[in-house]
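Biologist: Could you take me through the labels attached to this model, setting each value against its cut-off?

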Amino acid sequence: MSVERPHIVIPPNGVRYAFSVKSQGGKPNHPQDVPNREANRQRILKELRGVIAQAQRLDDVDQTRIPMTVKAGTAWGVARSVPGRRNDVLSSVGFGRGARLNVALHSDTLASFEAAAERYISYDDGARRPVNFDFFEARSKLAITGVADLWASDQPLPEDGDPIRWEIWVPRAAEARFREVLVNLDLRSGRSIRFGQVRVLSVEATLEELELLARSGAISQLRPASSLVSELIHIPQGVQAAAVQAAAGRITVAGEDAPAVCLLDTGVRSAHPLLAGSFDTVASVNDGNGEDWHGHGTKMAGLALFDDLPGLVTGGTANLTIRLESVKVQLPAGIDDERLPAERLKVAVNLVEDEDERVRTFCLAMSAPGEGADGGVAALSSELDKLAAEVGWERLFCVAAGNVEPPFLFDDYLALNETTGLLTPAQSWNSLTVAACTDLATVPGTHAPLAPSGDLSPWSRTSCAWERSHKPPMKPDVVFEGGNQMYDIVSNDLSNYADLCLLTTNSELTAPLSLTGMTSAATASVAGMCARLQGEYPSLWPETIRGLIAHSSEHTPAMLARARAAVTPTKSFEAALLERYGYGRPNLARAMQNAEDSLTFITQGSLLPLRSNVAGTGTILGYMRRHELPWHQAVLEELDDVEAELRITLSYFVEPNPGAALRGDYDLYASHGFDFDVKRPDESDDEAVARINGSHASATRSSAPTLRWTFGSMERGGPLRDGRKGCLKHDRLTMPAGDLARVSSIMVFPRKGWWGGDVERAEQQARYSLTVGIRTPEADIYTEIATEIAAEIEI
């Protein structure tokens with residue numbers, strides 16, 4: 001498309017301030033008081049002695065790593081403050097009454113437990129609670145660890161005696177012990193995936209052998225070894241091969257240096273007439289043939305490459321601006337590959353980057369159901385976060401939200417959308433997660449569309465059912481067309497219908513066109529949008545491209561109505577909207593350029609989230625920056641009471657630490673955080689900074705009223721100490737243009753993550769992208785404002 005009014009890219013500007021969090025108080029969260037502490041103490045110590053005695057009777061248990069599980073005794077859960085410095089908390093699994101803590105216990109720890117127990121019963125109400133008090137007060141139950149205690153999947157634990165492949169998480173410090181036990185049991189593992197202090201291995205073993213492995217005191221958690229899954233809609237399509245051959249002659253392919261969509265999928269049919277001229281790398285992670293064995297990858301290729309394939313086939317032309325790459329990461333049955341999907345993904349990324357250094361968007365339009373659907377930490381999502389955050393590389397991943405498994409009944413699709421959580425790797429913080437909506441609703445008169453136009457696709461999952469105690473990011477990020485179904489008005493029978501699906505390329509060249517849909521189709525389409533943006537704005541970072549997609553998105557009336565109907569005393573309208581639709585449906589034209597009545601500017605910068613304390617022995621929060629907005633007040637003031645909209649999108653990538661989340665420190669999965677606020681009308685710069693920043697003083701206190709954001713600070717990130725809503729943050733303000741003229745600056749400030757515990761990270765810069773847009777319905781603000789500042793900045 002021809003860009004007439006491009007976005008304005010400006011260098012970071014404004015004043016930098018040392019930052020600290022303002023005190024906000026808060027109530028402690030403790031278990032309810034135990035009526036008889038002495039009896040509780042005696043029971044816990046008795047169970048501990050029993051665990052140690054049982055371990056001493058077992059020849060294969062290392063007495064320095066006795067596997068012990070602490071199980072919840074009440075709905076409060078478990079406390080992770082286990083007495084004894086030599087004990088290693090391996091993992092925290094489940095919540096409430098189902099919570100359990102897996103610990104590698106040192107046999108010499110009994111004295112530490114007894115001392116902590118004495119402090120527990122000696123505690124005087126009203127005084128400061130002693131260390132380990134909550135561990136006893138939680139009334140937990142202690143026992144030797146078994147496989148069921150380590151099981152961290154929502155799938156049932158396999159019970160048969162046949163060997164199966166398991167995904168085993170091991171602390172780095174215990175990996176040598178674990179491999180020693182593997183050798184003793186004559187078992188072997190594949191290569192490990194590394195995440196900081198955690199290793200993830202694939203091991204084939206029987207359940208009985210796994211029980212022996214559990215005695216190693218080296219396993220943090222177990223899952224079924226996951227595999228990638230794609231789901232298709234198969235509907236015959238009678239389009240003639242001749243029409244495709246004719247359409248191929250009307251395609252102008254992009255140059256060899258154009259941005260690409262790299263499909264991480266089932267391979268592609270690279271000889272397809274509509275695709276052949278656009279493919280560069282076509283490979284496989286097992287050094288085999290990169291051709292499509294399944295059909296899914298070729299379908300995704302057509303959706304990513306063409307924004308109007310039906311128009312092309314029926315006589316139109318296509319002037320392409322992007323290219324394609326493909327690496328087969330999902331292998332057909334019968335190929336022996338013991339690597340986990342996360343390892344194959346890493347191999348695929350390295351393969352294409354070794355081949356070509358071009359700008360690309362990676363498209364992973366598949367899910368890994370074996371890794372869970374509750375928003376918790378998983379190997380595949382963590383690997384995506386690690387690859388995206390790797391210093392020196394520019395990587396953007398688009399991933400699918402996951403599909404509802406058919407068949408389902410006519411009257412339960414709404415419930416299924418909301419009770420089936422987004423599948424791994426949709427919880428990846430750094431990826432652009434895409435769910436499916438639909439505008440396809442034209443059906444025969446005897447039928448009706450299952451989903452109304454503009455609402456969620458019947459195939460799409462949501463994060464409504466995610467376990468929020470995992471503190472996952474708010475997902476999905478956006479929704480896009482994924483198709484619909486129809487039902488018979490008389491019988492309510494469901495059926496597929498060609499007009500409710502998406503036309504795309506097919507791997508069978510005798511029938512070169514096919515139909516598809518679901519969240520994978522939506523993901524491929526959005527990946528193509530990202531690549532087109534990269535071509536138009538080659539200086540933009542992956543963080544910024546992701547931000548522009550969210551920035552351009554809108555919610556339809558159907559989405560807003562469904563979210564309003566879902567409001568409950570514990571669920572806000574904003575939360576109901578975001579966990580179903582994210583920020584809405586992106587608009588490529590809006591993401592690419594401005595209309596006359598809008599202006600978008602982009603800043604790409606960096607800050608120190610952390611700095612060293614005065615003694616140099618620890619870290620404190622780093623710096624905030626106040627960005628001056630470049631628009632000229634007079635232009636907006638002339639509009640006076642005309643309603644104007646301000647949009648702000650903050651996008652950054654985090655370095656993952658799945659090991660922290662594994663132990664229950666969910667706030668420490670992300671390396672750091674950023675958030676934003678604005679200077680309110682009738683507020684001075686000093687007042688605005690002091691309102692947010694505990695390290696800045698102002699002679700006067702702000703009295704400016706609170707602004708009414710569309711989503712608000714709670715859904716954007718929560719209180720200042722709570723940065724667990726993810727690393728893509730977007731919000732909107734609607735106000736009279738005259739008031740917006742006085743919103744003259746935006747403040748970006750940091751939050752702590754796991755970097756806060758690492759002194760070496762104290763001086764590490766972190767990138768962020770800030771996209772800011774204004775829109776007014778009655779004036780050409782782009783021409784007036786852009787021309788005044790164009791000479792000073794990059795356009």
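Modeller: In this predicted model, Lys-471 lies in the loop between strand 20 and strand 21, and Lys-471 has a positive phi of about 55° although it is not a glycine.

Biologist: Why is Lys-471 called partly exposed?

Modeller: Its relative accessible area is 22%; buried would require under 20% and exposed over 50%, so Lys-471 falls in between and counts as partly exposed.

Biologist: What makes the phi of Asp-682 worth a remark, and is Asp-682 buried or exposed?

Modeller: Most residues other than glycine have a negative phi. Asp-682, which is not a glycine, has a positive phi of about 65°, and it is found in the loop between strand 31 and helix 20 (685–692). With a relative accessible area of 63%, set against the cut-off of over 50%, Asp-682 is therefore exposed.

Biologist: Which residues does Thr-462 contact, leaving aside its neighbours within four places in sequence, and why is Thr-462 called buried?

Modeller: Thr-462 is found in the loop between strand 20 (455–456) and strand 21 (478–481), and its relative accessible area is 0%, which is under 20%, so the label is buried. Leaving aside those neighbours, Thr-462 is in contact with Asn-417, Glu-418, Thr-420, Gly-421, Leu-422, Leu-456, Glu-579 and Arg-580.

Biologist: Which peptide bond in the loop between strand 20 and strand 21 leads to Pro-476, and what is its omega?

Modeller: The place of Pro-476 is in that loop, and the peptide bond from Lys-475 to Pro-476 is cis, with omega near 0°. The bond from Thr-424 to Pro-425 is cis as well, with omega near 10°, and Pro-425 has its place in the loop between helix 12 (413–419) and strand 18 (432–438).

Biologist: Why is helix 1 called roughly antiparallel to helix 2?

Modeller: The axes of helix 1 (residues 37–56) and helix 2 (residues 110–122) come within 10 Å and cross at roughly 175°; angles over 145 degrees count as roughly antiparallel, so the label follows for helix 1 and helix 2. On the side of helix 1 the contact is made by Arg-37, Glu-38, Asn-40, Arg-41, Leu-45, Leu-48, Arg-49 and Ile-52, and on the side of helix 2 by Leu-110, Phe-113, Glu-114, Ala-117, Tyr-120 and Ile-121. The residues of this contact divide into eight nonpolar, one polar and five charged.

Biologist: What makes Phe-135 and Phe-136 an edge-to-face pair?

Modeller: The structure holds 15 aromatic pairs, and in this one the ring centres are 5.6 Å apart, which is within 6.5 Å, while the planes stand at 85°, which is over 60, so the pair is edge-to-face. Both Phe-135 and Phe-136 are buried, and they form one aromatic cluster with Phe-113, Tyr-120, Tyr-123 and Phe-133.

Biologist: How do you know that the pair of Tyr-652 and Phe-674 is edge-to-face?

Modeller: Tyr-652 and Phe-674 are 5.3 Å centre to centre with 80° between the planes, and since 80° is over 60, the label of edge-to-face applies. The pair links distant parts of the chain, 22 residues apart, with Tyr-652 in the loop between strand 30 (643–651) and helix 19 (658–662) and Phe-674 in strand 31 (residues 672–678). Both Tyr-652 and Phe-674 are buried.

Biologist: What makes Arg-585 count as lying over the face of Phe-480?

Modeller: Arg-585 is at 4.5 Å from the ring centre of Phe-480, which satisfies the distance limit of within 6 Å. Likewise, Arg-611 lies over the face of Tyr-623, at 5.4 Å from the ring centre.

Notes. Residues are numbered from 1 along each chain as its sequence is written. This is a predicted model: local features need pLDDT of at least 70, side-chain atom pairs count only at pLDDT 80 or more; totals for chains, interfaces and linings use all residues. Side-chain values use heavy atoms; hydrogens and water are left out. Axes are lines fitted to C-alpha atoms, for helices over the stretch in contact, and angles run from 0 to 180 degrees between N-to-C directions. Helices (H or I, at least four residues) and strands (E, at least two) are DSSP runs, numbered from the N terminus. Angles under 35 degrees count as roughly parallel, over 145 as roughly antiparallel, 65 to 115 as roughly perpendicular and the rest as oblique. Contact means heavy atoms within 4.5 Å. Ala, Val, Leu, Ile, Met, Phe, Trp, Tyr, Cys and Pro count as nonpolar, Asp, Glu, Lys and Arg as charged, and the others, Gly among them, as polar. Rings of Phe, Tyr and Trp (its six-membered ring) pair if their centres lie within 6.5 Å; planes under 30 degrees apart count as stacked, over 60 as edge-to-face and the rest as tilted. Buried means under 20% relative accessible area, exposed over 50%, partly exposed in between (1.4 Å probe, protein chains only). A charge sits over a ring if NZ of Lys or CZ of Arg is within 6 Å of the ring centre and within 35 degrees of the ring normal.
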